[in-house]
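User: Could you take a close look at the aromatic pairs in this one and walk me through what surrounds them? I'd like the cut-offs spelled out as you go.

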Amino acid sequence: MSFKNLLFRDRIHSKWLILLVDTLTIMSSVLISSYLVGKFNYTTFDLYYVSIYVVTMISTFLAMGIHTRIIRYANTRDMMRIVIAIMVANLAFCVACYAMVYIPMAKHFVQPIWEVFIINIFISISLLMVSRGVIRDIYSYLEEAEHKCVKENVLIYGSGQSSLLVKNAIEAQKQLMIRVCAFIDNDADKINKCIEQTHVYSAKALAALKERFGIERLLISSDDVIPTEQKCIFQQCIELGIKVSTVPPTNQWLNGQAVMSQFKDLKIEDLLGRKQITFFKDHITNEITGKRVLVTGAAGSIGSEIVRQVLQYNPQMIVLCDQAETPLHDMQLELAETMHADKTVIYIADIRNGNRIEALFNRYHPQVVFHAAAYKHVPMMENNPAEAVLTNVGGTQTLADIAIRHEVEKFIMISTDKAVRPTNVMGASKRIAEMYIQSLNYRESFVDADGYFPESTQKTKFITTRFGNVLGSNGSVIPRFKAQIEKGGPVTVTHPDITRFFMTIPEAVQLVLEAVSMGNGGEIFLFEMGKPVKIADLAANMIKLAGLVPNQDIQIVYTGLRPGEKLYEELLNHGENALPTYNKDIMVSSSIPCSYADMKQIVQELLRLCCSNNVDPIVAKMKCVLPDFVSNNSEFEKLDANFIGISAQK
């Protein structure tokens with residue numbers, strides 16, 4: 001048995017041992033106080049005095065539960081309880097002494113000695129606090145000596161109440177193997193001061209603190225993160241090789257304790273430094289609650305997040321439609337673990353199959369449709385233009401036309417910034433789909449193979465949402481870079497100057513839902529995407545986050561632009577302006593819609609061309625429809641000369 005266990009094992013280290021130690025401490029205190037004022041002569045009178053004082057003090061301690069506190073976890077609040085207990089006990093003793101004056105047998109033995117009374121208060125408080133501090137330090141020393149552990153030196157960002165709670169929780173749980181060396185903060189009122197024996201330094205001193213203490217990690221309480229300061233401190237840590245972990249809010253700690261598994265390492269998304277978006281839940285609730293909702297592409301990155309967030313607004317039903325069997329099955333398993341599983345319906349179908357989609361609408365009668373199904377990978381669609389048109393254009397037309405016939409209230413199409421001044425087939429197909437969706441709001445009457453439909457069937461409001469890349473989506477750069485780093489590199493970037501707009505998936509979907517509430521039909525909503533991010537910087541930061549050095553441990557290799565890829569993305573086409581809405585993170589395009597009759601003819605012609613094996617006429621038709629569609633790094637650049645010549649002649 002170790003020396004620590006001998007001293008602190010549960011059978012000995014009990015509340016009664018604490019009470020015994022406190023009793024001896026109190027007796028020593030009153031004897032020392034009496035001796036200091038020259039009032040103690042070891043007479044019977046003095047023994048009665050001490051006995052009554054000790055009984056009064058111990059009774060107070062028992063009543064206030066001072067002995068039930070575990071000394072090795074004592075904090076400032078426990079110390080304050082001791083101070084209060086001593087003051088109450090001394091007051092009670094004083095009252096008891098005066099009361100005994102009226103007892104004939106006791107009035108000659110007990111009289112309060114004020115000098116002893118006053119000095120004893122300070123001595124007893126000091127001795128009790130010192131005894132607890134010594135026991136706590138001995139326990140910590142013996143525990144570290146027993147485990148011979150090497151602790152990780154950390155800093156805590158912020159010095160508010162939540163950061164202090166994190167520090168106390170770490171120090172109380174030795175198994176975390178963490179040593180808090182200091183706080184860092186940008187608050188000038190706290191810098192160079194101490195909080196519970198821990199110094200507060202400026203965030204500018206991060207490099208010096210790493211050198212001095214060997215700092216390995218920075219802990220950030222979720223309650224103390226300030227977005228405007230976040231990116232700067234994160235970037236400093238990455239450059240210095242300091243890991244960053246966020247600690248969940250205290251109300252999320254397991255059993256009231258901070259658990260290492262809950263500490264989340266810094267993600268590349270955190271380096272964007274994006275401000276918290278604003279959205280209005282009440283507006284969304286009015287559009288979703290109690291409604292039957294259909295989500296196409298429900299197994300994809302955006303579609304699945306739409307499902308998760310829509311379920312929070314208590315819809316009557318949500319239908320998950322996708323043709324990808326395995327991802328849809330995974331989504332079904334995820335939903336089966338939630339309380340909302342009974343509100344979800346899994347429906348496997350291709351949006352290009354009108355019969356299957358018609359059967360879906362006949363059976364479930366959706367009132368709100370989120371259309372997220374699409375082919376999105378630029379190089380693949382550059383090699384397969386017919387598939388891009390058949391799904392992104394033809395599938396959208398099929399779904400939208402059926403939505404009109406079934407009097408859907410709102411139809412929301414998820415588009416992309418690649419539809420703006422497209423340089424690839426995928427972006428062009430999404431732009432034509434946008435144009436068709438927008439034209440449906442301004443038709444005089446709706447016509448299909450069955451003839452004309454009366455005005456009463458034209459109640460569907462068509463809304464388009466357009467935003468940039470979402471971090472962590474299927475096939476995006478983040479998962480690819482992560483996989484390349486895990487394999488030891490190299491990390492491949494197409495061009496050193498390429499940039500992209502980025503947004504997290506939850507942010508994008510929140511704004512999609514907000515756009516639903518403000519849309520009256522015909523709008524193309526744009527989202528505030530922040531500043532464009534340089535992909536080369538993104539790759540370098542991900543390598544640093546892995547604790548490696550770019551171009552030393554892992555090489556960054558530039559492979560050249562892929563077919564259809566462009567250096568810079570845009571959110572507005574030529575002639576479009578962004579108009580504000582009541583939500584500062586959402587704007588609406590002022591684009592002029594096309595004629596429904598013209599768009600229907602264009603779509604039919606494109607779909608007809610897809611029946612042949614020749615892709616050039618398909619792309620040529622798309623370029624004819626979209627004058628600003630100029631291919632980049634693609635085999636279809638050969639077609640641009642014809643259209644540039646035609647434009648010049650005009």
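Analyst: Here's a walk through the aromatic pairs, followed by a helix contact and a charge over a ring.

First, the ground rules: this is a predicted model, where local features need pLDDT of at least 70, side-chain atom pairs count only at pLDDT 80 or more, and totals for chains, interfaces and linings use all residues. Residues are numbered from 1 along each chain as its sequence is written, and side-chain values use heavy atoms, with hydrogens and water left out.

Rings of Phe, Tyr and Trp (for Trp, its six-membered ring) pair up if their centres lie within 6.5 Å; planes under 30 degrees apart make a stacked pair, over 60 an edge-to-face one, and the rest are tilted. By that rule there are four aromatic pairs. Take Y347 and Y364: their ring centres are 6.3 Å apart with the planes at 90°, so this pair is edge-to-face. Y347 belongs to strand β10 (residues 344–348) and Y364 to helix α12 (residues 354–364), so the pair ties together parts 17 residues apart in sequence. Helices (H or I, at least four residues) and strands (E, at least two) are DSSP runs, numbered from the N terminus. Y347 is buried at 7% relative accessibility, and Y364 is buried too, at 12%. Buried here means under 20% relative accessible area, with exposed being over 50% and partly exposed in between (1.4 Å probe, protein chains only).

Next up is F467 with F527: centres 5.4 Å apart and planes at 10°, so that one is stacked. This pair links distant parts of the chain, 60 residues apart, with F467 in strand β15 (residues 461–467) and F527 in strand β20 (residues 524–527). F467 is buried at 4%, and F527 is buried at 0%.

Back to α12, the helix that holds Y364. Its axis and that of helix α14 (residues 385–405) come within 10 Å and cross at roughly 35°; axes are lines fitted to C-alpha atoms, for helices over the stretch in contact, with angles running from 0 to 180 degrees between N-to-C directions. On the α12 side, G354, I357, E358 and F361 meet T398, L399, I402, A403 and R405 of α14, where contact means heavy atoms within 4.5 Å.

Finally, there's a charge over a ring: the charged end of K623 sits over the ring of F629, 3.9 Å from its centre. For that, NZ of Lys or CZ of Arg has to be within 6 Å of the ring centre and within 35 degrees of the ring normal.
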